[in-house]
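Please look over the structure shown below before reading on.

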Amino acid sequence: GHGQEWSSVSGNITIGSSATLDGVGLGFPTATGPGYPGANGAASYGGRSRDSVNYYGNASSPTSLGSGGYSQAGGSGIKLYAVNLVEINGIINMSSKNAESQYLGAGGSIWLKANNISGSGTIKADGGAGNTEGGGGGRIRLEYSSALEYTGIISVAGGVGTAAVGWEGKPGTLTFTNNTWPENWNLTGNIGLLGGDFGDGETIN
């Protein structure tokens, strides 16, 4: 399954400071999806759960839904494409639900594509946190042609699992244009990076 795509081929896309795109728990249903490990397990997507199910999807073009864990659904997915500007001052949340549940879902996908990406809002696709085992984080892609001026929060954190040490989900992936870290750009949030040198080249998970 994959998320929605919203396009503006002749203008801009702006998420205002009071707006929220809410895909929390709207991905794969409970106990469903390629990252679901089976009974009594939390789900993976961009980051793994403790059950170490393999990653899936594509870090360079993330559109997949987050898988559901045994107790909670995964996060949804959204791609915003504008020729000129994507500006995020509100919230885009494609996370799994946090709940007093045992085995949580994985975060979903967010893909922003424009000449310029800006704003000071919140972008997150976190794994679900619960009282046993947390879900893996999702995937976020910032694909810009000219400038990355976004100064807000970015998170693909794994969900906390409080049953024991090591029961938390692992962070998902954040990638950029040409898979190259933007020069002089500061991150605020929780992310995972692909293995190897983070430079121009292919991504493998």
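The questions and replies that follow concern strands, cores and aromatic rings.

This is a predicted model, in which local features need pLDDT of at least 70, side-chain atom pairs count only at pLDDT 80 or more, and totals for chains, interfaces and linings use all residues. Residues are numbered from 1 along each chain as its sequence is written, and side-chain values use heavy atoms, leaving out hydrogens and water.

Me: Which strands are the edge strands of the open sheet of five strands?
Reply: Strands are DSSP runs (E, at least two residues), numbered from the N terminus, and two of them pair if DSSP finds at least two bridges between them. The order is 3-6-8-10-12, with parallel pairing. Pairing on one side only marks the edges, strand 3 (20–22) and strand 12 (189–190).

Me: Which strand supplies the largest share of the largest nonpolar core?
Reply: Such a core is a set of buried (under 20% relative accessible area, 1.4 Å probe, protein chains only) Ala, Val, Leu, Ile, Met, Phe, Trp, Tyr and Cys residues joined through side-chain atoms within 4.5 Å. The largest one has 27 residues, and Ile88 and Leu112 are among those with the most contacts inside it. The largest share, five residues, comes from strand 9.

Me: Are the planes of phenylalanine 176 and tryptophan 185 stacked or edge-to-face?
Reply: Rings of Phe, Tyr and Trp (its six-membered ring) pair if their centres lie within 6.5 Å; planes under 30 degrees apart count as stacked, over 60 as edge-to-face and the rest as tilted. Here the centres are 5.4 Å apart and the planes at 75°, so the pair is edge-to-face.

Notes
Helices (H or I, at least four residues) and strands (E, at least two) are DSSP runs, numbered from the N terminus. Buried means under 20% relative accessible area, exposed over 50%, partly exposed in between (1.4 Å probe, protein chains only).
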